[in-house]
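This note is addressed to a colleague who is meeting the structure for the first time. Please read it with the sequence and the model at hand.

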Amino acid sequence: MAARPIIIDCDPGQDDAVALFLAMASPDELQLLGITAVAGNVPLPLTERNARMMCDVAESDVPVFAGCAKPMIRPAISAEYIHGETGINGIDVFEPQTPLQEKHAVDFIIDTLLSRDAVTLVPMGPLTNIATAIKRNPEILSHIEEIVIMGGAMREGGNRTPSAEFNILVDPHAADTVLNCGRPITLMGLDVTHKVLSTEERVARIGKLNNPVADATVGMLSFFHRYDTEKYSSQGTPLHDPCTVAYLLQPDLFKTKLCNVSVETESELTMGHTAVDFWHVTKRPKDVNWAYDVDADGFYELLTERLARFPLP
Ligand code: BDR
Ligand code: CA
C-alpha cells in the first residue's frame, strides 16, 4: 500500500520532537509532506527553529514552514515551565542547516491540500494554523482524509487548568472550528496520553540504540521527566504527541469510540474544556473518534523499533 500523505502541525516541544522522529522513521507507511510550526509550548521563532533542528538530527529533508504566531482570538499562553526556555531543553540548541521555507504555513496547508487528495493532517499543538486554513479556504475540506489531533481531556481532567488540556486551552476557538469542520477526526487526549509513560526502563531501552536520534530523544525525555513525575506522582512523563503518529502506524494500539466533542469557548472558568459525550446523552452527532485507552507497552515497542532504524553515527 502507498504511504499515507500527512502534514504534521506542531509546536516542538520535546514530545512533538519525538513524534516527528517517529513519523520520519516510518516512510513506508507515512509520506511526510511538510512540517508546519505554530506558537504553543514556546513562541513561533523557537518552535519553527526546533522543528528544523529535528530535521537536522534525523537527516530529513522535509520542508518546514512557520505559521501563526498567536491564537485566533485569545492572548498567547506558553509552557516554558514544562518544556524549558528553548522548548526542547535536554539537548543543546544549535542553528539548524534545514532552511525555513518562505511560504507561510497556512498557505502551504491550503496549496498542498488543493493540489492533492486524501491528505491526513496531524496537529499536535494549538489548532490555529489548521483552523485559519479552513476559514480562509473551506474548499480544502474535501481534500482532507482525516485529522488526527493531540488535544483534549475527559476523565483525566485538564493539565493546564482543572478543565482544559493545553493545546485546546491555548486556542479554543480554533479547536471549535476544527472539531466542527465535518471531516473525520480522531482525538488523542490526556485520557490516553497519560497512560503512555516514559518510565526509566523504557527510556533506557531507547538509550541503548546509540544513534543520534535516540540520544536526542533520551536527552529531551530526561528533562521532561523531572517536571511531570513530580506533578503527577507518576513513574514517567506522558509522551502526548507521538500518540497521533502511533495511531496512524498501528491503530489497534488504541481503543476509540465515536462521540460528540464540544469545546468551551466562553466560560473563563472552564475555557478550552472538551465536553466528550461518551454515553451519547446529548444526542448530538457522534462525529469525533475519541481515544480512551492504549496499549502502552505496545506503543513503546513500536517507538523503540522505529527509532532503531536511524543510522549509527
Ligand atoms: C500537549 O501540550 C504540550 O505541552 C505538549 O507538546 C502536547 O502537545 C499536552 O497537553
Ligand atoms: Ca505539542
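The numbered points below take up the ligand site, the salt bridges and the backbone in turn.

1. Status of the model. The structure is a predicted model, and the points that follow should be read with that in mind.

2. Surroundings of the ligand. The residues around ligand 1 are D15, D16, N41, H83, M124, M150, N159, E165, F166, N167, H240 and D241. Sorted by class, this shell comprises five polar, four charged and three nonpolar residues. Two helices, α1 (14–24) and α6 (166–170), each contribute at least two residues to the shell.

3. Polar atoms facing the ligand. Which residues place a polar atom at a short listed distance from ligand 1? For D16, a polar side-chain atom is 3.1 Å from an oxygen atom of the ligand. N167 likewise brings a polar side-chain atom to an oxygen atom of ligand 1, at 3.0 Å. In the case of M124, a polar atom of the backbone lies 3.1 Å from a ligand oxygen.

4. Enclosure of the ligand. On its own, ligand 1 has 280 Å² of accessible area, and the protein covers 98% of it. The space that ligand 1 takes up is the largest cavity.

5. Salt bridges. How many salt bridges does a search of the whole structure find? The search gives 14. In one pair, the side chains of R4 and E146 meet with an N to O distance of 2.7 Å. This pair links distant parts of the chain, for its two residues are 142 residues apart. R4 belongs to strand β1 (residues 4–10), whereas E146 belongs to strand β5 (residues 144–150). As general background, side chains of opposite charge can pair when their charged atoms come close.

6. A cis peptide bond. The peptide bond joining P12 and G13 is cis, with omega at about -5 degrees. G13 is placed in the loop between β1 and α1. The strand before this loop, β1, is the one that holds R4, and the helix α1 supplies at least two residues of the ligand shell.

7. A positive phi angle. E59 is not a glycine, yet its phi is positive, at about 50 degrees. The residue lies in a loop, between α2 (44–58) and β3 (64–66).

Notes. Residues numbered from 1 in each chain as written. Chains lettered and ligands numbered in written order. Predicted model: local features only at pLDDT ≥ 70, side-chain atom pairs only at ≥ 80, totals over all residues. Heavy atoms only, no water. Near = heavy atom within 4 Å. Polar contact = N/O pair within 3.5 Å; in protein donor to acceptor, adjacent residues only side chain to side chain. Areas by Shrake-Rupley, 256 points an atom, 1.4 Å probe, with all protein chains shown as cover. 1 Å grid on protein atoms, 1.4 Å probe; cavity = no way out; pocket = protein on both sides within 12 Å on 5 of 7 lines; lining within 4 Å. Sits in = over half its atoms within 2 Å of the grid points. Helix = DSSP H or I, 4+ residues; strand = E, 2+ residues; numbered from the N terminus. Nonpolar A, V, L, I, M, F, W, Y, C, P; charged D, E, K, R; others polar. Salt bridge = Lys/Arg side-chain N within 4 Å of Asp/Glu carboxyl O.
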